[in-house]
Amino acid sequence: MTGPVLTDEQLKEFERLLKQRYRELREEIRQELLRSDDEQFIELAGRVHDPEEASLADLLVDLNLATIDLHIKELREIDEALIRIYKGTYGICEDCDQPIGLARLRANPMARRCIQCQEIYEKTHAGVSSPSL
């Protein structure tokens, strides 16, 4: 693996942005649940904002709502990006171990691959499932 590719300030900024998006998604989910007529969803929505509650993904996975599932996917990707920051692997392509590039990370802070490896991944996994970051 190559040396540090981002400055400490850049890493802190990306971490701040990821955490901010995480909070926004949690609120979007809570609001979507509150709009529901189902009492179970309304009761669950009241707990979503509580950081002491069990994992948001665990609470919502059985609801089988497409919009919620998309939010959960993004929350998991944010979690993975934050873990990469803490492990010191954020900004490094998981396929070729080269820097992902600041421009790509600004466009997608959850990116796990450089643009070249992402293109190869999408070609080899086309139609298999949704493309990975």
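Which residue lies over the face of Tyr121? In this predicted model, that position is taken by Arg113, at 3.8 Å from the centre of the Tyr121 ring.

Aromatic contacts were examined next. A pair of aromatic rings is described by the distance of the centres and the angle of the planes. The count for this structure comes to 1 aromatic pair. Its members are Phe14 and Tyr90, whose ring centres are separated by 5.6 Å and whose planes meet at 50 degrees. The arrangement is classed as tilted because the angle is neither under 30 degrees nor over 60. The two partners come from distant parts of the chain, 76 residues apart. Phe14 belongs to helix 1 (residues 8-34), whereas Tyr90 is located in the loop between helix 4 (66-87) and helix 5 (102-107). Phe14 has a relative accessibility of 6% and therefore counts as buried. Tyr90 is likewise buried, its relative accessible area being 3%.

Two annotated spans were then considered. An unreviewed UniProt entry carries the annotation "domain: Zinc finger DksA/TraR C4-type" for residues 88-123. In the model, residues 88-123 are 42% helix and 0% strand, and the C-alpha atoms at the two ends of this span are 28 Å apart. The annotation "zinc finger region: dksA C4-type", also taken from an unreviewed UniProt entry, covers residues 93-117. For residues 93-117, the helix content is 36% and the strand content 0%, with the end C-alpha atoms lying 8 Å apart.

Notes:
Residues numbered from 1 in each chain as written. Predicted model: local features only at pLDDT ≥ 70, side-chain atom pairs only at ≥ 80, totals over all residues. Heavy atoms only, no water. Phe/Tyr/Trp six-rings, centres within 6.5 Å; stacked < 30°, edge-to-face > 60°. Helix = DSSP H or I, 4+ residues; strand = E, 2+ residues; numbered from the N terminus. Buried < 20%, exposed > 50% of the residue type's maximum accessible area, 1.4 Å probe, protein only. Lys NZ or Arg CZ within 6 Å of the ring centre and 35° of its normal. UniProt positions renumbered as here; feature names shortened; annotations may be inferred.
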